[in-house]
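Colleague: I am new to this structure and would be grateful for a close look at a single part of it. Please choose one region, describe its surroundings with care, and then relate that region to the rest of the chain.

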Amino acid sequence: MKKIFLILSLILLLAAGALYFLKGKSAYDPAKYSLEIRPADKPFGIGSEISFVLPDQFGKSHSLSPETRTMIFAFTKETGHLIKTAMAQQSKGFLQEHKAVIVADISAMPTVIQNLFALPDLRKSDYTMLLIYDKKMARRLKEGQKTDQVIVVRLKRGKVTAVEHAKSPEELIKLISQA
């Protein structure tokens, strides 16, 4: 019995090591991406100006367009699922039509989980989702926010004019459609 347990433990350890070696490296290059919130000494909110270069789920870089009117933030797994449910009910060009972008914080996930589960799932989406890998970036955006809800930020040329929250897919769609 001890030999079987020892052999199974060794196989499990080797499999975990191989998995980590194969999927434990991040393709995220922090030198290529940025997020700036001005003024730097105040929490992110009404009156703030935001600019960024962030990757999407395919690794393509995106920066904030002056035409973007709405940013939608997901900081938890639950809010990410809420967004996914809401977007499943919409046509493929819904976000572009409403000049909206979705940003998800995946900075708390271990790299192996990002690579094995999160990114493959996000790549199945019909919409672009920008990703925050950096905990400092995420912390700056989350400061003073209700992160257990989807955060909907209204913009005018990169300046925050309103911050709203959605607790359901229906509320989220309504907020995006109002922009």
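Modeller: A helix is here a DSSP run of H or I that spans at least four residues, and helices are numbered from the N terminus. The model is a predicted one. The part chosen is helix α3, which covers residues 94-97 and contains Leu95.

Is Leu95 buried or exposed? Leu95 counts as buried because its relative accessibility is 5%, and buried means under 20%. Leaving aside neighbours within four places in sequence, Leu95 is in contact with Ile72, Met87, Ala100, Ile102, Tyr127, Thr128 and Ile176. One of these partners, Met87, deserves attention of its own. Beyond the residues up to four places away in sequence, Met87 touches Leu95 and also Phe94, Ile102, Tyr127, Ile173 and Ile176. Ile102, Tyr127 and Ile176 therefore appear among the contacts of Leu95 and among those of Met87, where a contact means heavy atoms within 4.5 Å.

Met87 also leads to the interior of the model. The largest nonpolar core has 47 residues, and Met87 is listed with Ile50, Ile83 and Leu172 as having the most contacts inside it. Strand β7 supplies the largest share of this core, namely five residues.

Just after the helix comes Lys99, in the loop between α3 and β5. Lys99 is not a glycine, yet its phi is positive, at about 50 degrees. Its relative accessibility is 36%, so Lys99 counts as partly exposed, whereas Leu95 is buried.

Lys99 brings Thr70 into the picture, since Thr70 touches Lys99 as well as His98, Ala100, Val101, Val152, Val153, Arg154 and Ala179, with residues up to four places away in sequence not counted. Thr70 belongs to strand β4, which comprises residues 70-74. With a relative accessibility of 0%, Thr70 counts as buried. From C-alpha to C-alpha, Leu95 and Thr70 are 9.1 Å apart in space, while 25 residues separate them in sequence. Ala100 is in contact with Leu95, and Ala100 is touched by Thr70 too.

From Thr70 one may proceed to Arg154. The side chains of these two residues are joined by a polar contact of 3.3 Å. Arg154 is buried, because its relative accessible area is 10%. Arg154 also forms a salt bridge with Glu164, in which the closest N and O atoms are 2.8 Å apart. This pair links distant parts of the chain: Glu164 is in strand β8 (residues 159-166) and Arg154 in strand β7 (residues 150-156), 10 residues apart. Glu164 is partly exposed, as its relative accessible area is 25%. Between β7 and β8 lies the loop that holds Arg157. Arg157, a residue other than glycine, has a positive phi near 50 degrees, and it counts as exposed because its relative accessibility is 64%.

Strand β5, on the other side of the loop that contains Lys99, takes part in a further pairing. Which residue forms a salt bridge with Asp105? The partner is Lys142, and the closest N and O atoms are 3.7 Å apart. Here again distant parts of the chain are linked: Asp105 is in strand β5 (residues 100-105), Lys142 is in helix α5 (residues 135-142), and the two are 37 residues apart. Asp105 counts as buried because its relative accessibility is 12%, whereas Lys142, with a relative accessible area of 31%, is partly exposed. A search of the whole structure finds six salt bridges, the two described here among them.

Strand β5 also contributes to a pocket. The largest pocket has a volume of about 470 Å³. Of the 22 residues that line it, the closest to its centre are Lys77, Gly80, Ile106, Met109 and Ala118. At least two lining residues come from each of α2 (77-88), β5 and α4 (111-122), and the largest share, five residues, comes from α4.

In review, helix α3 holds the buried Leu95; Leu95 is in contact with Met87, and Met87 is among the residues with the most contacts in the largest nonpolar core.

Key. Residues are numbered from 1 along each chain as its sequence is written. This is a predicted model: local features need pLDDT of at least 70, side-chain atom pairs count only at pLDDT 80 or more; totals for chains, interfaces and linings use all residues. Side-chain values use heavy atoms; hydrogens and water are left out. A salt bridge is a side-chain nitrogen of Lys or Arg within 4 Å of a carboxyl oxygen of Asp or Glu. Buried means under 20% relative accessible area, exposed over 50%, partly exposed in between (1.4 Å probe, protein chains only). A nonpolar core is a set of buried Ala, Val, Leu, Ile, Met, Phe, Trp, Tyr and Cys residues joined through side-chain atoms within 4.5 Å. A polar contact is a pair of N or O atoms within 3.5 Å; within protein, one must be able to donate a hydrogen and the other to accept it, and residues adjacent in sequence count only if both atoms are side-chain atoms. On a 1 Å grid over the protein atoms alone, a cavity is a set of points where a 1.4 Å probe fits but cannot get out, and a pocket is an open set with protein on both sides within 12 Å along at least five of seven lines; lining residues have an atom within 4 Å of a point. Grid points are joined across faces, edges and corners, and a volume is the space filled by probe spheres set on the points.
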